[in-house]
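Look through the sequence and the model below before reading on. The paragraphs that follow take up a few places in turn.

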Amino acid sequence: MTNTYPFLMIPGPTPLPDAVREVMSRPAVGHRSPEFKQIMKRVFPNLQRIFQTKHPVILYTASATGAIEAALSNTLNAGETLLVLSCGVFSSRWADMAKSLGINVQELKVEQGQVNTVEVLETALNADTEKTIKAVIFVHSETSTGALNDVQGLTNAIRRHGALSIVDTVTGLTASPFKMDEWGIDLAISGSQKGFMMQPGLSFLAVGERALARHQNEVKYPAFYFNFTRNLKAQAEDTTAYTPATHLIMALDVSLQMMLDEGIDAMNARHLLLRNMVRAGVRALGLNTLVEDDVNASPAVTAVLPPTGIEAPAIRKVLKDRFGITVADGQASLKGKIFRIGHLGFVGERDVYMVLACLEQALLELGYSVELGAGVKAAQAVAVSKTALTV
Ligand SMILES: Cc1ncc(COP(=O)(O)O)c(C=O)c1O
């Protein structure tokens, strides 16, 4: 590795602000102490602000997959039907998870790089005249492809049918507008190592009234560790049901304050700008993005196809070995076929210039004919014209 500071441009874990990182070296703290309670008294309402909800947000010491399991196991019984909208690795994982819980799965799949449409969803829901579908799960920002689903449109359709909506907004929240209450979302999940600019290890599950009612009245065997009732009872007293990751929560306290200081709208706008800069930059180098249409592109991550004759892993290797920049590989069937540039969390315009400049040089070294500076210039044009704010 070169003598430079290693830099992650993957869609999580994302770079850590010093103020968040510093928390890890603080002395041990008792999780039932009055001092820790004071932290929780800030953390819980601040989480609600980020999800834009008046409903409780359960904080789990688990990665986001744990919180998704919590959502399914607390609101569905084995034998009931879940409709899964699939558009990539993560949405497909939720189908597998539901099957492992004995839940019946109906899946609507689109090609990788595409989004799930309201029309297709509505057709499926209209056909369900017996109302056997009890919940629908979909991913806001499909991290494996960089596709961005229309949360509001999909949620509206689910509402009309009456099923619960479960939204994986693990890389959507903070990057893209997300209005839990205004849009009538029942369950929403995110994780610490994404837009929260934190270490991995915590996940957040916002629980709306209808989801809570289903948990309380319909579900025979909800989980134990992840149990809504147990966790919410503890959280109502500004504590957690079990020993939490205390230092991660202290870091969360810091990162939430940073996020609220920036402001949710400003944070969303920044991510949109970064997305548009990256897309303009790679296009100016003659590269294609997996998600073709800008309106369907995630502000958190951009999947890029390598030019003909150059392998994606070779590009990633030069970026890492020569410049200390890590961009992500493709996942599952896209492994080795694309590279994914994360622009999520504690990331700014400078970081986009850095990755584009290094990408230009990497491509040149690998034998691709590129005009040095073209990608950076295109990104700068976006940044100075603020065109990002119009999409
Ligand atoms: C969209 C999405 N959902 C779920 C997950 C799973 O999160 P975790 O690895 O924290 O369990 C990820 C992780 O990258 C993700 O991007």
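Is threonine 75 buried or exposed? The model is a predicted one, and in it threonine 75 has a relative accessibility of 0%. Because buried means under 20% relative accessible area, threonine 75 counts as buried. This residue is found in helix 3. A polar atom of its side chain lies 2.7 Å from the backbone oxygen of alanine 71.

Helix 3 also leads to the ligand. Helix 3 (64–75) and helix 4 (89–100) each supply at least two residues of the shell around the ligand. The largest share, three residues, comes from helix 4. Sorted by class, the shell has five nonpolar, six polar and three charged residues. Which of the 14 residues around the ligand come nearest? They are Ser63, Thr65, Thr143, Asp168 and Lys194.

Some of these residues can be looked at atom by atom. Serine 63 has a polar side-chain atom 2.5 Å from an oxygen atom of the ligand. For threonine 65, a polar side-chain atom likewise lies 2.5 Å from an oxygen atom of the ligand. In the side chain of aspartate 168, an N or O atom is 2.6 Å from a nitrogen atom of the ligand. On its own the ligand has 390 Å² of accessible area, and the protein covers 88% of that.

Next come the aromatic rings. How many aromatic pairs does a search of the whole structure find? It finds seven. In one aromatic pair, phenylalanine 196 and phenylalanine 204 are 4.5 Å apart, centre to centre, with 45° between the planes. This pair is called tilted because planes under 30 degrees apart count as stacked and those over 60 as edge-to-face, with the rest as tilted. Phenylalanine 196 is buried, with a relative accessible area of 0%, and phenylalanine 204 also counts as buried, at 0% relative accessibility. Elsewhere, ring pairs link Tyr60, Phe224, Tyr225, Phe226 and Tyr242 into a cluster. Phenylalanine 224 has a further partner: the charged end of arginine 230 sits over its ring, 3.9 Å from the centre.

The backbone deserves a look too. Most residues other than glycine have a negative phi, and most peptide bonds are trans. Which peptide bond is cis, with omega near -5°? The bond from glycine 12 to proline 13 is. Proline 13 lies in the loop between strand 1 (7–9) and helix 1 (18–22).

Positive phi values can be found in loops as well. Glutamine 52 has a phi near 55° and is found in the loop between helix 2 and strand 2. At 27% relative accessibility, glutamine 52 counts as partly exposed. The loop between helix 2 (34–51) and strand 2 (57–61) also holds lysine 54, which is exposed, with a relative accessible area of 62%. Lysine 54 and methionine 180 are 126 residues apart along the chain, and their C-alpha atoms are separated by 8.9 Å.

Threonine 174 has a phi near 85°, a positive value in a residue other than glycine. Its place is in the loop between strand 8 (164–168) and strand 9 (187–191). Threonine 174 is buried, with a relative accessible area of 4%. The C-alpha atoms of threonine 174 and alanine 266 are separated by 9.6 Å, while the two residues are 92 apart along the chain. Alanine 266 is found in helix 10 (residues 264–284) and counts as partly exposed, at 35% relative accessibility.

Conventions: Residues are numbered from 1 along each chain as its sequence is written. This is a predicted model: local features need pLDDT of at least 70, side-chain atom pairs count only at pLDDT 80 or more; totals for chains, interfaces and linings use all residues. Side-chain values use heavy atoms; hydrogens and water are left out. Rings of Phe, Tyr and Trp (its six-membered ring) pair if their centres lie within 6.5 Å; planes under 30 degrees apart count as stacked, over 60 as edge-to-face and the rest as tilted. Buried means under 20% relative accessible area, exposed over 50%, partly exposed in between (1.4 Å probe, protein chains only). A charge sits over a ring if NZ of Lys or CZ of Arg is within 6 Å of the ring centre and within 35 degrees of the ring normal. A residue is near a molecule or strand if one of its heavy atoms lies within 4 Å of it. A polar contact is a pair of N or O atoms within 3.5 Å; within protein, one must be able to donate a hydrogen and the other to accept it, and residues adjacent in sequence count only if both atoms are side-chain atoms. Accessible areas come from the Shrake-Rupley method with a 1.4 Å probe; for residues, only the protein chains shown count as cover. Helices (H or I, at least four residues) and strands (E, at least two) are DSSP runs, numbered from the N terminus. Ala, Val, Leu, Ile, Met, Phe, Trp, Tyr, Cys and Pro count as nonpolar, Asp, Glu, Lys and Arg as charged, and the others, Gly among them, as polar.
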